[in-house]
Amino acid sequence: MRPDETILNIALATGFGSGEAFERAFKLKFGCTPTAWRAGVAAKNAAMLAAMHLRRLDSNPDQAMRNADQADLPNFQHHGHSNPLHRESPMQVTILDLPPASVACQRHIGPYGPAISAFWRDTVAPWMQSHGLGDATCYGIGHDDPSITPPGKCRYDACVAVPDGFQAGGRASITTLPGGRYAVAQFKGPSSAIADAWTRMTREWLPASGLQWDERPCFERFSAATAMDPATGEFSCDICIPVRPL
């Protein structure tokens, strides 16, 4: 929902005759009123991301990258010990103005979890290698809340930064991730800790920051070449949340 619009304006813009009719239809579809949804959007996104990452833990990390030409691609299933966003350490979040990024995206539709790792490993990584993008910056974007959206309809985009004029092949499509102001936290550690990092950012840091989540996509950003430390098995990425003033 657009945070600056009144419920009535949104209702009229979407073809409803009144705010009450819109609220009834909205509650029937999503199980809560538009006002409650708007108030809880950060928590809902945190829950979505936490659920997405927790479901990834079922994969076998030893089978993440079976081919040498794919060894640099993370599968979100790593084991390690250090984590800057561990609950006992202070959260370090930097506000950055990120430029727009031209990316080639491949969409996975289906349950979050081990299937996402398999998608990166079996589909995205070979495509990257065949297009000379083995060292590219990658972005992982989950679009749906699995507590609301049926598992078979959850959408996830695996995105890879591409140069200007790049011609996508296969099932990839070219789009632009919007630039602007983002709250960025560096994560390094086991995948079991990443859900907690997202939750801390959205439920603890964000409400106290004087900022709010806007409607641009949030994402995990990482380098395909350096995301995983082969010595420790730790996974590194930037957790990026789009923000604007309250």
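Strands E6 and E9 run antiparallel and are joined by 8 bridges. One place to look is Gln186, which stands opposite Asp238 in E9. Please keep in mind that this is a predicted model. With that said, here is a friendly tour of the strands, cores, salt bridges and cysteines.

**Strand pairing**

- Strand E6 also pairs with strand E1 (residues 94-98): the two run antiparallel, and 5 bridges join them.
- For a residue-level view of that pairing, start from Leu98, whose bridge partner in E6 is Gly180.

**Nonpolar cores**

- The largest nonpolar core holds 41 residues, and the members that touch the most others are Trp120, Met128, Leu133, Phe187, Met201 and Ile239.
- Two helices, H5 (114-130) and H6 (194-205), each give two or more residues to this core, and so do the strands E4 (155-161), E6 (180-189), E7 (211-213) and E9 (235-245).
- Helix H5 makes the largest contribution to the core, with 6 residues.
- Another core, of 12 residues, lies apart from the largest one; Ala101, Tyr139, Cys159 and Tyr182 are among its members.

**Helix H6**

- Helix H6 is largely enclosed by the rest of the structure, because 9 of its 12 residues are buried.
- The buried residues of H6 are Ile194, Ala195, Ala197, Trp198, Thr199, Arg200, Met201, Thr202 and Trp205.

**A closer look at Ser102**

- Ser102 sits in strand E2 (residues 101-109).
- With a relative accessibility of 23%, Ser102 counts as partly exposed, because the buried class covers values under 20%.
- Leaving aside neighbours within four places in sequence, the contacts of Ser102 are Val160, Ala161, Val162, Ile174 and Thr175.
- The C-alpha atoms of Ser102 and Thr176 are separated by 4.5 Å, although these residues are 74 residues apart along the chain.

**Salt bridges**

- The model has 8 salt bridges, including the three described here.
- Asp144 and Arg155 form a salt bridge in which the closest N and O atoms are 2.8 Å apart.
- This pair links distant parts of the chain, 11 residues apart, with Asp144 in the loop between strand E3 (137-142) and E4, and Arg155 in strand E4 itself.
- Asp144 is buried, at a relative accessible area of 9%, whereas Arg155 is partly exposed, at 31%.
- Lys188 and Glu234 form another salt bridge, with 3.8 Å between the closest N and O atoms.
- Here the partners are 46 residues apart and again link distant parts of the chain: Lys188 belongs to strand E6, and Glu234 to the loop between strand E8 (219-223) and E9.
- Lys188 is partly exposed, with a relative accessible area of 32%, while Glu234 is buried, with a value of 6%.
- Arg216 and Asp214 bring their side chains together in a salt bridge, at 2.7 Å from N to O.
- Both Arg216 and Asp214 are buried.

**Cysteines**

- The count of disulfides comes to 1, and the cysteines that form a disulfide are Cys105 and Cys159, with their sulfur atoms 2.4 Å apart.
- That disulfide is right-handed, because the torsion about the S-S bond of Cys105 and Cys159 is about 100 degrees.
- The disulfide links distant parts of the chain, since Cys105 lies in strand E2 and Cys159 in strand E4, 54 residues apart.
- Cys105 is buried, with a relative accessible area of 8%, and Cys159 is buried too, with a relative accessible area of 0%.
- Cys240 is in no disulfide, and the nearest cysteine sulfur, which belongs to Cys237, is 8.1 Å away.
- Cys240 counts as buried, at 0% relative accessibility.
- Cys154 likewise counts as buried, at 1% relative accessibility.

Conventions
Residues numbered from 1 in each chain as written. Predicted model: local features only at pLDDT ≥ 70, side-chain atom pairs only at ≥ 80, totals over all residues. Heavy atoms only, no water. Helix = DSSP H or I, 4+ residues; strand = E, 2+ residues; numbered from the N terminus. Buried < 20%, exposed > 50% of the residue type's maximum accessible area, 1.4 Å probe, protein only. Contact = heavy atoms within 4.5 Å. Core = buried A, V, L, I, M, F, W, Y, C linked by side-chain atoms within 4.5 Å. Salt bridge = Lys/Arg side-chain N within 4 Å of Asp/Glu carboxyl O. Disulfide = S-S within 2.5 Å. Pairing = 2+ DSSP bridges.
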